Amino acid sequence: MEVVPSKTNSSTTEAIPMNGGDGRNSYANNSSLQRFLVDRSRSMIDEAIANYLDIQICPSSETFRIADFGCSVGPNTFIAMHNIVEAIHLKYRDESGSTPEFHVYFNDHTSNDFNTLFVSLPPEKPYFAAGVPGSFHTRLFPKATLHIAHSSTSLHWLSQVPKEVSDINSPAYNRGRIHYTDAKHQVFEAYSAQFAKDIESFLHARAEEVVCGGLVIITLPANPDDAPPSELRTESLFDILGSCLMDMAKTVRAQFTHFLLVCFRWEEFVLLNA
Ligand SMILES: C[S@@+](CC[C@H](N)C(=O)[O-])C[C@H]1O[C@@H](n2cnc3c(N)ncnc32)[C@H](O)[C@@H]1O
């Protein structure tokens with residue numbers, strides 16, 4: 001038997017997770033934009049399940065398996081999973097009279113706050129729950145075991161910053177900035193190429209894991225083809241955010257230099273007074 005475990009390599013670097021817990025600055029309390037997308041996509045997902053899901057892929061005596069890739073800590077993932085289970089339930093009720101049991105797998109990076117996720121699971125959830133840590137750019141499930149793979153506002157996360165954008169000798173060098181707004185076309189191309197690689201590895205992995213006839217449901221922010229990046233509102237937000245991060249990094253660097261100076265003088269002081 002060939003076992004393909006998930007691997008972490010240079011192209012699947014672990015990212016910094018969303019803010020855990022349920023405090024003022026937590027993701028749980030600062031994700032209304034992502035919630036908006038879950039709500040807005042609901043009718044399209046309901047329609048896809050009603051029209052394209054073939055319930056023959058899972059007889060009602062078996063377990064229907066759904067995975068949410070890039071779930072973070074909730075509550076959006078719970079709402080998305082609840083909506084999907086409800087739509088499948090209606091489909092089975094109408095077409096076969098009985099419904100299978102559901103197993104939902106919550107996936108995110110290993111450093112995600114899974115404790116908060118499990119503590120806040122809705123008590124009346126209509127499914128069994130499990131956590132699956134690891135990068136969704138790798139295989140995370142055995143072959144042909146999932147009936148639905150879902151991901152909402154997560155796939156635009158790149159597995160790594162394209163090397164060229166931080167290489168001062170590259171034509172795609174982005175001068176320390178974190179985004180491609182108003183940057184040279186080489187910068188835009190470097191980010192696009194990284195996204196193409198990442199989405200390909202995501203789809204390859206899911207192609208192995210999802211049963212034939214299952215569904216892959218992806219919601220992610222995108223730009224219209226004809227809109228220049230500089231004219232998009234989200235792009236200018238990233239630009240502002242990027243310049244704040246750069247200022248913060250400069251401040252930390254300045255404080256660190258000060259700290260080194262103090263250490264040096266202290267050492268000098270100790271030597272002089274020895
Ligand atoms: C903006 S949050 C979206 C969370 C949730 N789906 C929602 O709608 O609120 C993006 C999540 O994707 C996760 N993520 C990013 N890259 C990932 C990867 N390669 N593998 C697993 N999770 C990843 C992040 O850790 C983060 O929790």
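A residue is buried if 20 or more other C-beta atoms lie within 10 Å of its own. The model treated in these exercises is predicted.

**Exercise 1. Two unusual backbone angles**

Decide whether Thr153 and Ser72 are buried or exposed, and state what is unusual about the phi of each.

Solution.
Step 1. Locate Thr153: its place is in the loop between β4 and α4.
Step 2. Count its surroundings. Thr153 has 21 other C-beta atoms within 10 Å, so Thr153 is buried.
Step 3. Locate Ser72, which sits in the loop between β1 and α2.
Step 4. Apply the cut-off again. With 27 other C-beta atoms within 10 Å, Ser72 is buried.
Step 5. Turn to the angles. Most residues other than glycine have a negative phi. Thr153 is not a glycine, yet its phi is positive, about 40 degrees. Ser72, also not a glycine, has a positive phi of about 60 degrees.

**Exercise 2. A peptide bond in a loop**

Describe the peptide bond from Gly74 to Pro75 and say where Pro75 lies.

Solution.
Step 1. Most peptide bonds are trans.
Step 2. The bond from Gly74 to Pro75 is cis, with omega near 0 degrees.
Step 3. Pro75 belongs to the loop between β1 and α2, and Ser72 has its place in the loop between β1 and α2 as well.

**Exercise 3. The order of elements and the strand pairing**

List the elements of the protein in order, then work out how β2 is joined to β1 and β3.

Solution.
Step 1. The protein has five helices and five strands. Read from the N terminus, they follow the order α-β-α-β-α-β-β-α-β-α.
Step 2. Take β1 and β2. They run parallel and are joined by seven bridges; in one of the pairings, Arg65 has His103 in β2 as its bridge partner.
Step 3. Add the helix between them: β1, α2 and β2 form a right-handed β-α-β unit.
Step 4. Take β2 and β3 (residues 128-133). Six bridges join these parallel strands, and the partner of Asn107 in β3 is Val132.
Step 5. Helix α3 (residues 114-119) completes a right-handed β-α-β unit with β2 and β3.
Step 6. Check how enclosed β2 is. Six of its eight residues are buried, so β2 is largely enclosed by the rest of the structure.

**Exercise 4. The nonpolar cores**

Find how many residues the largest nonpolar core has and which elements supply it.

Solution.
Step 1. In soluble globular proteins, nonpolar side chains tend to be buried together.
Step 2. The largest nonpolar core has 34 residues, and those with the most contacts inside it include Ile66, Met81, Val104 and Ile148.
Step 3. At least two residues of this core come from each of α1, β1, α2, β2, β4, α4 and β5. The most come from α2, which gives five.
Step 4. Follow one residue. Beyond its neighbours within four places in sequence, Ile66 is in contact with Met81, Ile84, Phe102, Val104, His147, Ile148 and His150.
Step 5. Another core, of seven residues, lies apart from the largest one; Ala172, Ala183, Val187 and Tyr191 are among its residues.

**Exercise 5. The shell around the ligand**

Characterise the residues around the ligand by nearness, element and polarity.

Solution.
Step 1. There are 23 residues around the ligand, and Gly70, Ser72, Asn76, Ser154 and Trp157 come nearest. Ser72 is the buried residue of Exercise 1.
Step 2. α1 (32-52), α2 (76-95) and β2 (101-108) each supply at least two residues of this shell.
Step 3. Sorted by kind, the shell has seven nonpolar residues, 15 polar and one charged.

Conventions. Residues numbered from 1 in each chain as written. Predicted model: local features only at pLDDT ≥ 70, side-chain atom pairs only at ≥ 80, totals over all residues. Near = placed C-beta within 6 Å. Helix = DSSP H or I, 4+ residues; strand = E, 2+ residues; numbered from the N terminus. Nonpolar A, V, L, I, M, F, W, Y, C, P; charged D, E, K, R; others polar. Core = buried A, V, L, I, M, F, W, Y, C linked by C-beta atoms within 7 Å. Buried ≥ 20, exposed ≤ 12 C-beta atoms within 10 Å, placed from the backbone. Contact = placed C-beta atoms within 7 Å. Pairing = 2+ DSSP bridges. Right-handed = clockwise from strand over helix to strand, strands pointing away.
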